[in-house]
Amino acid sequence: MTSSEAKARDRLIVALDVESVEAARALISKLGDSVSFYKIGLELAYAGGLGLAGELKQVGKRVFLDLKLHDIGATVERATLQISRLGVDFLTIHGFTQTMRAARAGAGDGGLRLLAVTVMTSYDDADLREAGYALGVAELAALRARQARELGVDGLILSPLELAPIRALVGSKMLLVTPGVRPAGAEANDQKRVMTPGQAIQAGADHLVIGRPITRAADPRAAAERIVAEIAGAA
Ligand code: C5P
């Protein structure tokens with residue numbers, strides 16, 4: 001594998017959205033060396049998947065724990081410290097200043113990169129109003145993106161459509177990670193605002209989180225390889 005192929009492969013993060021560690025292991029073994037970076041979310045984490053994080057690290061994979069931490073500062077700081085000891089690469093937190101500051105303190109300066117969720121992409125302006133917020137989604141996402149950068153958070157989770165404006169706002173140093181990516185011709189499933197892998201890379205994404213187009217493909221390995229090739233072509 002050339003280093004540019006390895007770089008493109010590292011930009012693809014496959015979401016292990018399955019119900020058991022056994023199902024995740026089966027998928028990981030099918031994907032083999034076509035995938036170098038995995039995301040473990042709440043479903044798999046609560047099904048014993050945190051142990052899988054360590055196993056993946058031992059075989060040289062990178063691991064993104066999508067746990068979306070949010071609690072009082074002291075708890076977030078201590079939880080982040082524990083997670084940093086697992087040796088994983090990325091961790092999500094909610095983009096509230098108290099939470100981001102606490103996670104930054106807990107993460108120390110090892111290899112753990114913190115990614116803030118600015119506003120959940122399932123929320124619209126009406127949801128925010130209902131929750132008592134004065135700002136709409138775009139304004140609140142921009143405010144939190146700036147706060148995340150000021151607090152030393154390493155990156156942001158964004159929908160593909162937010163990539164270009166937020167990249168312009170935060171500059172080149174923050175990691176931008178986007179779900180909602182669909183290869184041309186693939187089913188959107190429940191994703192509403194999608195881009196192809198090539199478009200998302202060109203819009204400024206560092207990493208793409210892709211689940212069903214790979215995990216539910218007849219040949220997951222071939223699907224992953226096609227996406228890596230598209231990323232390499234767009235980079
Ligand atoms: O299967 P699919 O490619 O839609 O999976 C995308 C992954 O990204 C899922 O794990 C989903 O939970 C996650 N995600 C998302 N939209 C967000 C945040 C996370 O699709 N706004």
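**Entry 1: the shell**

I began with the secondary structure around the ligand: strand 8 (207–210) and helix 10 (212–215) each give at least two residues to the shell. I note here that I am working from a predicted model.

Next I listed the residues around the ligand. From the earlier part of the chain I wrote down A15, D17, K39 and T121. To these I added P179, R182 and Q191, and then the run V209, I210, G211, R212 and P213. Sorted by class, the shell comes out as five nonpolar, three polar and four charged residues.

**Entry 2: polar contacts**

Which side chains put an N or O atom 2.7 Å or 3.0 Å from a ligand oxygen? I found D17 at 2.7 Å and K39 at 3.0 Å. I also checked the ligand's nitrogen side: a nitrogen atom of the ligand is 2.3 Å from an N or O atom in the side chain of T121. After that I looked up the areas, and the ligand taken alone exposes 460 Å², of which the protein buries 80%.

**Entry 3: the pocket**

Where does the ligand sit? I found it in the largest pocket.

**Entry 4: a look at A200**

I then turned to A200, which belongs to helix 9 (residues 197–202). Is A200 buried or exposed? A200 counts as buried because its relative accessibility is 0%, and the cut-off for buried is under 20%. I also related A200 to P179: the two are 21 residues apart along the chain, and their C-alpha atoms are separated by 9.5 Å. My list of residues around the ligand includes P179.

Methods. Residues are numbered from 1 along each chain as its sequence is written. This is a predicted model: local features need pLDDT of at least 70, side-chain atom pairs count only at pLDDT 80 or more; totals for chains, interfaces and linings use all residues. Side-chain values use heavy atoms; hydrogens and water are left out. A residue is near a molecule or strand if one of its heavy atoms lies within 4 Å of it. A polar contact is a pair of N or O atoms within 3.5 Å; within protein, one must be able to donate a hydrogen and the other to accept it, and residues adjacent in sequence count only if both atoms are side-chain atoms. Accessible areas come from the Shrake-Rupley method with a 1.4 Å probe; for residues, only the protein chains shown count as cover. On a 1 Å grid over the protein atoms alone, a cavity is a set of points where a 1.4 Å probe fits but cannot get out, and a pocket is an open set with protein on both sides within 12 Å along at least five of seven lines; lining residues have an atom within 4 Å of a point. A molecule sits in a cavity or pocket if more than half of its atoms lie within 2 Å of its grid points. Helices (H or I, at least four residues) and strands (E, at least two) are DSSP runs, numbered from the N terminus. Ala, Val, Leu, Ile, Met, Phe, Trp, Tyr, Cys and Pro count as nonpolar, Asp, Glu, Lys and Arg as charged, and the others, Gly among them, as polar. Buried means under 20% relative accessible area, exposed over 50%, partly exposed in between (1.4 Å probe, protein chains only).
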